[in-house]
Amino acid sequence: MSLLITSNTQNTNLNSGYNQQGINKSYAYQNNLNDTFKIPKNSEIAVQSVKINRSGNIDVNESNSIFSFYFGEELGDDGRNREVLSIPWCTSFATSEQGLFLGTGTDKVTADPSELLNFSGNVNNLARLMKASLNRALWHPNLMRNASSGRNAGANVEALRNGSGLDWLGWKIQVTNTDSSKNASHISNNWKGAEYNGTDEGNDYTFNRSTRVLTSPAGQVMDGTGCVGIDYPLSLANGSFHIKTFDKTANARFGLCRALKDEAPEWYDGGGYPFYDFVVEIDDGATGGTAGDISVLYAGTSGNDELEMLDLNYGTTKNASNDDITDIVFNVQNERVKIVIINGSGVSTTLCDGTGTASASNVKPVSQTCRYLYPKIEMETGKTCVIQDFFGVDIVNHTYYGITTDADGGDIPSYTDWWANLIFNDAYVNGQALNQARAIDVDYAKNISRTSQKGLNGNNQCDYKVQFFFAPDVRYINTASCNSQFLMGFPNRSLVNTPNTTGGSSPFTKTYESDESPELKGTNSLFVRLKNMTFSSVNLAKGSNSKILYHVPAFSNTGSRTGALFFEPNERVYLKLNNTEDLFLSTIEVDMVYADETLATDLQGKTTVAFHIRDA
């Protein structure tokens, strides 16, 4: 008789944590002998004992998985969203929406999206599912996963464990709000006209990347058919758009604009003026004005339920020619838009900066409808300017229209720009969503009275709070359906916006940890499978021959379903090895599987299985 003791690792120092790889997984491992081991002919084998650590599963469905994410000002006890510029986004951790795995910051999850409305998984798979869902709910360029992970790795959700890496404590949620030190120069290579500028007319401009010279096409007429640099949205953490070396007397428009297609927002009435969120215009004097005069306009509201192009009275009118203006700079600090002009002597004049105590001295603040701002330029035929700089954010999978492609070339939303997602993705165009966008633009208080605009915090980040709603909060819209407080481990509060820890250096990632560990269930049957032995068994549940040797009971000897479990059968069941000759063994391959013989991935840490061999 012989006893074979196997384990997924022989050195416990290598087993800290739960993410073993290769041949040392907790649920699939291989042991190799230094010498061959002889099993006498006509032997049989049984399981002597099993020691595992099972994390268990959690059921996720529509009744326990809905949450809202919000990045904005916290409201007071009697507050309402109309007092600020942001609204929560309501979604679910258990969703069948197309594109779950392909949006920004997502990982593959071992489940079919069509089945996710009723899904049971171990905590590691659920963490990846939650990470995917959270990254589809951020809707802010400075929160998104950056192509350079050192700038922003995107939101993350992990299973929270104790120091041993075994006991599950709940969830660890991380969100990074990129600060200004992470800004980098990203200037668009693509400057598009028709279907990008709010009209169905206008040719593309040409851009020389080495000289940074942008040239308007032949036949260009100043009729609103400008171009848009579509590759990157501007950083809202002190991001700047800097233009220089332009004609000082020719008509031109330099501005920032949300994503457009062939028309402006349906609630815009500009009286024939092309749509810009913010624009500096140089007059050519053709219609009675003075050639070179500089105007500042923005798509704002006077409280009349529509957007129109409003003039900013910045003081004594500046003239690009007479005042020798050589540079125009747009700088955005969260809600505040600062516009600066610079003359040939290097003297700067600030036309507005969002800090004025009078509404008339500020352009409108940046709100949720225009968080993704692109450079938009309009010049007469053959005119040029230099794009000195543009601090664009290089977001993974981001496109101007908010649409990316799957492996088969199909269109799916990229879940980055809230405005583009509403307008250009037909799956989300509905009355309620569009009404909310319209309300932000024309009804929300800070877009009407343009004071008290939020800037950057002490770490030079957008001075907003990262906020999660796992239960309803009567102050905030889009939270009434939230029901995930128990799934997420926050059973006694709806709003979670105070991090447990904040990174001490840039990019200052905030970490939120569950108050309690959600209940885990170990409902799936487990089986021990010996892949390279000569016995035979039959798995009728799968309808095939098998190498399963032992059915692990649902409860351990102490009555537990999850955690550290030990099983030792009172009576061992032996299967013949069918070896008519001596069998020489140098490797043993052990799997822990479910009834369908897929690997039991809810196991973690150290697994030990002992086998007993005797004469048949």
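The lining of the largest cavity splits into five nonpolar, eight polar and three charged residues. That is one of the enclosed spaces in this predicted model, so here's a quick tour of the cavities and a few buried spots around the chain.

**Cavities**

The count comes to five cavities of 30 Å³ or more. The largest holds about 120 Å³ of space. Of the 16 residues lining this largest cavity, Asn146, Arg151, Lys182, Asn183 and Val393 are the closest to its centre.

Here are the top two by volume and lining class.

| Cavity | Volume | Nonpolar lining residues | Polar lining residues | Charged lining residues |
|---|---|---|---|---|
| Largest | about 120 Å³ | five | eight | three |
| Second largest | about 50 Å³ | nine | two | one |

What lines the second largest cavity? Phe69, Tyr70, Phe71, Ser86, Ile87, Pro88, Trp89, Ala137, Leu138, Trp139, Gln368 and Arg371 do the job. Strand S6 gives the most to this lining, with three residues.

**Gly72 and strand S6**

Staying with S6, which covers residues 66-72, we find Gly72 in this strand. Is Gly72 buried or exposed? Its relative accessibility is 1%, and because the cut-off for buried is under 20%, Gly72 counts as buried. Setting aside neighbours within four places in sequence, Gly72 is in contact with Ser86, Tyr464, Lys465 and Gln467. Ser86 also turns up in the lining of the second largest cavity. As for Ser345, 273 residues from Gly72 along the chain, the two C-alpha atoms are separated by 40 Å.

**Strands S9 and S10**

Now for strand S9 (residues 156-161): five of its six residues are buried, so the strand is largely enclosed by the rest of the structure. S9 runs antiparallel to strand S10 (residues 168-175), and six bridges join the two. Within that pairing, Val157 stands opposite Ile173 in S10.

**Asp441 in helix H3**

Last stop is Asp441, found in helix H3 (residues 431-442). This Asp441 counts as buried because its relative accessibility is 3%, against a cut-off of under 20%. Which side chain does the Asp441 side chain meet in a polar contact? The partner is the side chain of Thr369, at 2.8 Å. Beyond neighbours within four places in sequence, Asp441 is in contact with Arg258, Trp267, Thr301, Leu307, Ser367, Thr369 and Asn447.

Technical notes. Residues numbered from 1 in each chain as written. Predicted model: local features only at pLDDT ≥ 70, side-chain atom pairs only at ≥ 80, totals over all residues. Heavy atoms only, no water. Helix = DSSP H or I, 4+ residues; strand = E, 2+ residues; numbered from the N terminus. Buried < 20%, exposed > 50% of the residue type's maximum accessible area, 1.4 Å probe, protein only. Contact = heavy atoms within 4.5 Å. Pairing = 2+ DSSP bridges. Polar contact = N/O pair within 3.5 Å; in protein donor to acceptor, adjacent residues only side chain to side chain. 1 Å grid on protein atoms, 1.4 Å probe; cavity = no way out; pocket = protein on both sides within 12 Å on 5 of 7 lines; lining within 4 Å. Points joined across faces, edges and corners; volume = space filled by probe spheres on them. Nonpolar A, V, L, I, M, F, W, Y, C, P; charged D, E, K, R; others polar.
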